[in-house]
Structures are given as C-alpha cells and as structure tokens.
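Trainee: I would like a close look at the salt bridges here, with an account of what lies around them. Please start with the terms I need and work inward.

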Amino acid sequence: MDTEEFIDLAFYRPLGYLWALLCSKLGITPNVITVASIFLGVGGGVLLYFHSDLLWLNYIGILLIVWANTFDSADGQLARMTGQYSKLGRILDGVSGDLWFVAIYVAVCLRVNETDAVFAAQPWMIWVIAVFAGVCHIKQAATADYYRQFHLYFLKGEERSELDSCRVLDMKIRELSWKKDFVEKFMLFLYREYTANQEKFTPFMQMLRMELVSRFYGNVPQAFRDAFRTHSRPLMKYTNMLTFNTRIIVLFVAVMVQMPWLYFIFELSILNVLLVYLINRHEKMCDGFVSELCDGKYG
C-alpha cells in the first residue's frame, strides 16, 4: 500500500495475481512469464510506429503494452507464490522493461521522421533527443526503484525487499566461474552495474545503510523503522511518477494527438526536475537520520 499506485492496486496487481495462479497450475515458471512480457511489450512498441490510415494499430499496441505489464506484475507474484525467486529473474524483470522502451523509442523516432516536417528536414535530431531521453529514463527508473526498495527494506524487512549492494554482488560474482557460469555471471555483472548506478546517486543513503549495519547488525530498531516510514512514505507518490504508469499515460496521449515527440520532452523536462527534487529530499532525509543515530537517538 505504501509503494504501489492506485492503478497498480486496482488493476495490474489483481490481473497479475490471476495470471500467477493460472501459471502456477500449469507449471509455468516466472522467467517464462518475463520472457513472454518482453515479446508483448516489444510488439506493442513496434505498433506505435504506424500512423495515417493505420492508427488503429496504435490501440492494439497500447493493449499489448498493458498486457505485458500485467505479466510484469505476475512474474513477481508467481515467484513469491512458488518460492522460485532468483537473482536472474530480477535481472530479467528489469531488462524486459528496458526492451519495451527501446522498441517504443525506435518506433517513435521512425514515425516522427515520416510525419513531422521539422524533424524530416533534420532526421538525426529526433534520434539525438531520444538517446538523451533514454539515458535520463534509465537514471530516473533506477533511482525510483531504489527508493521503493529502500522503503520496503525498513517496512517489510530484507526478505520482502529486493535491496542489494555492490559489495554483496561483488562477492557473488567472484564465486562464479566465467567458464562454467558464463550466462549467470554476465547477467549478475550487468545487475551489479545497475546497482552501482543506484548507489552513485544516493551517497547519504549509503552512509545511512553503513551506519545501521555497524550499529545494529541488521536488527534495526522498530522505532527507527517507524520514523523512516513516516518521512519516506509521502515521497512515494512522487517516486512512482518516475516508474511505468505516468510514463505510459503520457506516451499514449502523445501518440494519440499525433505528436509522439512530446513524450521525450516530458522525460527530459518534467521527470528530470522531479528526479532532482526526489534525490535532494531523500538525501536530506538520510543525512538527518545519520545525525540522529550519531546522537544516540535510537539506541
């Protein structure tokens, strides 16, 4: 309830749960659902390219992307339902969303160069804008995911959070062999870089994590958990705007009004401003908690 948006709780989670129940009975694994979501999301993204007399294909594309997101909800629920959670599954889950948007970005760029006279005269321009928007997208989504997992870590404990650290991932990578475990080690290496990117933008949050480990060895007092939730929860509604739902609504509107390039402007302007705001708020919050811990407030 703290970290999910209304549309997730009312639509994606219930549908995802039904898919998870069905797949559990059929013996389908979470990773298979994730791979299926990749095909659906990429297919939906490709269909956003069509215009003029083929606009009806855009609606099918939208439905496919929504369907893909119900699968994205289902794989995690199925993993918890059947005890099939794996690090590879979390990596695939993250990659799937990236592949959806790669297809969307390419489709939008090709469409804009065919339908917009300004960009048609300088076709390289929309690709440059898309690359910058994509880089920002990665930063925005990764940071939002990290804040959500950090919130869940204190609310539900380590077993209900997917919060990782580069230090732990480095140890796991060293345990694997490039010769015997190439795929797993390569995927874990990519995930390690993803985590490093998250940690880079949250220095005070990392300081807080280290302070808590050194003082409580994982047994964080309930008083601290409650205090952290009180300060973090109001920020979740803004954090969620950097994830899927807000993005896809803006994308759909931009496509329907025949100006899909507006989606890139939205990512480069509004979402970047929101990202800076959230980083500033979270870092100040974590710095304040570090000071309180040093003053002995929580024991």
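Mentor: A residue is called buried when its relative accessible area is under 20%, exposed when that area is over 50%, and partly exposed in between. Keep in mind that this is a predicted model. By that cut-off Glu 4, with a relative accessible area of 16%, is buried. Its side chain meets that of Arg 13 in a salt bridge, at 2.6 Å from N to O. Arg 13 has a relative accessible area of 28%, so this residue is partly exposed. The bridge therefore joins a buried acid to a partly exposed base.

This is one part of a wider set, as the structure holds eight salt bridges. A second one joins the side chains of Glu 211 and Arg 215, with 2.5 Å between N and O. Why are Glu 211 and Arg 215 separated by about one helical turn? They are four residues apart in helix α9, which spans residues 203-216. The general rule is that an α-helix has 3.6 residues a turn, so residues three or four places apart point the same way. Glu 211 counts as buried at 18% relative accessibility, while Arg 215, at 32%, counts as partly exposed.

The bridge to look at closely is the one between Glu 267 and Arg 247, whose closest N and O atoms are 2.6 Å apart. Glu 267 belongs to helix α12 and Arg 247 to helix α11, so the pair ties together parts that are 20 residues apart in sequence. Are these two partners buried or exposed? Glu 267 is buried, with a relative accessible area of 0%. Arg 247 is buried as well, at 1% relative accessibility. Elsewhere, salt bridges with shared partners join Asp 2, Arg 229 and Arg 233 into one network.

Which residues does Glu 267 touch, leaving aside those up to four places away in sequence? They are Tyr 105, Ala 133, His 137, Gln 140, Arg 247 and Asn 272. Arg 247, the salt-bridge partner, is thus one of these contacts. Tyr 105 is another, and this residue leads to the aromatic side chains.

A search of the whole structure finds 26 aromatic pairs. One of them is formed by Trp 100 and Phe 244, which meet edge-to-face with 5.9 Å between the centres and 80° between the planes. This pair links distant parts of the chain: Trp 100 is in helix α4 (residues 87-115) and Phe 244 in helix α11 (residues 244-256), 144 residues apart. Trp 100 has a relative accessible area of 2% and is buried. Phe 244 is buried too, at 13%.

The rings of Tyr 105 and Tyr 263 have centres 6.3 Å apart and planes at 80°, so this pair is edge-to-face. Here too distant parts of the chain are linked, with Tyr 105 in helix α4 and Tyr 263 in helix α12 (residues 262-294), 158 residues apart. Tyr 105 is buried, with a relative accessible area of 10%, and Tyr 263 counts as buried at 1%. Tyr 105, then, pairs with the ring of Tyr 263 and touches Glu 267. Helix α12 holds both Tyr 263 and Glu 267. Helix α11 holds both Phe 244 and Arg 247.

Other aromatic residues gather in one cluster made up of Tyr 146, Phe 150, Tyr 153, Phe 154, Phe 224, Phe 228, Phe 289 and Tyr 298.

For contrast with the buried bridge, turn to the surface. Ile 7, Phe 11, Leu 15, Tyr 17, Leu 18 and Met 81 form a nonpolar patch there, with about 500 Å² of accessible area together. Helix α1 (residues 6-26) gives the largest share of the patch, five residues. Phe 11, found in helix α1, has a relative accessible area of 35% and is partly exposed. The close look thus ends with a partly exposed Phe 11, against a Glu 267 that is buried at 0%.

Conventions: Residues numbered from 1 in each chain as written. Predicted model: local features only at pLDDT ≥ 70, side-chain atom pairs only at ≥ 80, totals over all residues. Heavy atoms only, no water. Phe/Tyr/Trp six-rings, centres within 6.5 Å; stacked < 30°, edge-to-face > 60°. Helix = DSSP H or I, 4+ residues; strand = E, 2+ residues; numbered from the N terminus. Buried < 20%, exposed > 50% of the residue type's maximum accessible area, 1.4 Å probe, protein only. Patch = residues over 30% accessible without salt bridge, like charges linked within 9 Å, V, L, I, M, F, W, Y side chains within 5 Å. Areas by Shrake-Rupley, 256 points an atom, 1.4 Å probe, with all protein chains shown as cover. Salt bridge = Lys/Arg side-chain N within 4 Å of Asp/Glu carboxyl O. Contact = heavy atoms within 4.5 Å.
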